[in-house]
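I opened a fresh notebook page for this chain and its ligand. My plan was to go from the overall build to the ligand shell, and then to one sheet.

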Amino acid sequence: MAFKTIALFGANGQIGNCILRALLGCKRQSFNIIAFISPNKKLQVAEQAQHVETYNFDLTTARREDLAAALKEVDVVVSALNGKALKAQGLIQDAAADAGVKRFYPSEYGMHNIYRKPGESEGVCSSFLRHPAVNSGKMTYTLIGCGDFYNQDREKVWCPWTQKDVDSYTFHIIGDADAKADYTHLDDFAAYLVASLCESEKSENAMLNFPSDHISHNEIAALLQRYSGRPVKKDIISHEEMHRVVADPSQAPRELQGASSFPVDFWFLVKGIQGEGRFWRPKGQTHNHLFPEVQRTTFEQYFQQRFA
Ligand SMILES: NC(=O)c1ccc[n+]([C@@H]2O[C@H](COP(=O)([O-])OP(=O)(O)OC[C@H]3O[C@@H](n4cnc5c(N)ncnc54)[C@H](OP(=O)(O)O)[C@@H]3O)[C@@H](O)[C@H]2O)c1
């Protein structure tokens, strides 16, 4: 069964807008799209905006019954929320259950690596999968994990290779620069999510993962130097410093403070786990093969296009 009507929360966000464009560009089927965006905002999509119905909701104050009314006739809720609005996802899932929504995609687009102090063991959590509507079989879920999104143009420190008009690049690396990690291209991810909507049986009650590349900082640096013709400087940071910054984010170097849309301690956490060689999924835990029509864009292909 293919889903028809999709409610997309956070449709103006970085990931949400990629998903919106992938939904609009889907060649296999057309979707009815309902975009949920912040109050007083317009939907940011250049083409085909007339095919999208838009609702403005402040999700920090939204009421369950209002959301349920807006979700009537909706088959799937896809959340691409972030920040404070993430807390509203429980309410959205409750309202979706009231409205008879069949599938829920929580905004969990990453890697479930839990911070470990030295000597601690790790764990995984996600409450959306234990919702009563899911448990009773009325609603199903799809959780799509991925690697580090590597083509976030707004992330100067996180994705230094995206920056234009620079004479050189600086990689801030925590730990081992030869440790390989999983990375995902935003458009690959959005195409994968849409493919999972088109073939809903394959993605029913599933935790799927889609990496585009598996590569180390040293390998990325070599490719970037080759294709850009510019030098790459490496600032190697120790794991001791990572633990210091996680305990007290004000300890982070000044040039890294406020350099990302994420808090600096989160940056240290993700980069530190990459540099420990733990930021990748083992065999059997990646699901690219389920939707083989979705191509992986490797770093090399990305640089070839970017510096063509
Ligand atoms: N794997 C990775 O490397 C990676 C990287 C980045 C993000 N992510 C994950 O991807 C997900 C989305 O992140 P993103 O980068 O797309 O975030 P984002 O650009 O900040 O987008 C979040 C969206 O939520 C909307 N929103 C925030 N507060 C709201 C409210 N009170 N009411 C209504 N809407 C509200 C925002 O609306 P406005 O546009 O009006 O502000 C925005 O459109 C998150 O789960 C994040 O953790 C993963």
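Here are my entries, in the order I looked things up.

**Overall build.** I started by noting that this is a predicted model. I counted nine helices and twelve strands in the chain. Next I checked the radius of gyration: a compact globule of 308 residues would come out near 19 Å, so the chain's 20 Å agrees with that. I also took the span of the C-alpha trace along its principal axes, which is about 55 × 45 × 40 Å. Buried residues account for 37% of the 308. For contacts between residues at least 6 apart in sequence, I found that 75% join residues at least 24 apart.

**Around the ligand.** Which residues come nearest to the ligand? I found 25 residues around the ligand, and the nearest are Gly-10, Gly-13, Ser-38, Asn-82 and Ala-85. Two elements give two or more residues to this shell, helix H1 (14-24) and strand S7. H1 has the largest share, with three residues. I sorted the shell by character and got ten nonpolar, eleven polar and four charged residues.

**The sheet with S7.** S7 turned up again here, so I followed this strand into its sheet. The sheet is open, has three strands in the order S7-S9-S11, and its pairing is mixed. S7 (148-149) and S11 (213-216) are the edge strands, each pairing on one side only. I then looked at S9 (residues 180-184), which pairs with S11 in the antiparallel sense over four bridges. For a handy spot to find on screen, I noted that Asp-182 has His-214 in S11 as its bridge partner.

Note on methods. Residues numbered from 1 in each chain as written. Predicted model: local features only at pLDDT ≥ 70, side-chain atom pairs only at ≥ 80, totals over all residues. Pairing = 2+ DSSP bridges. Near = placed C-beta within 6 Å. Nonpolar A, V, L, I, M, F, W, Y, C, P; charged D, E, K, R; others polar. Rg over C-alpha atoms; globule rule 2.2 N^0.38 Å. Buried ≥ 20, exposed ≤ 12 C-beta atoms within 10 Å, placed from the backbone. Contact = placed C-beta atoms within 7 Å.
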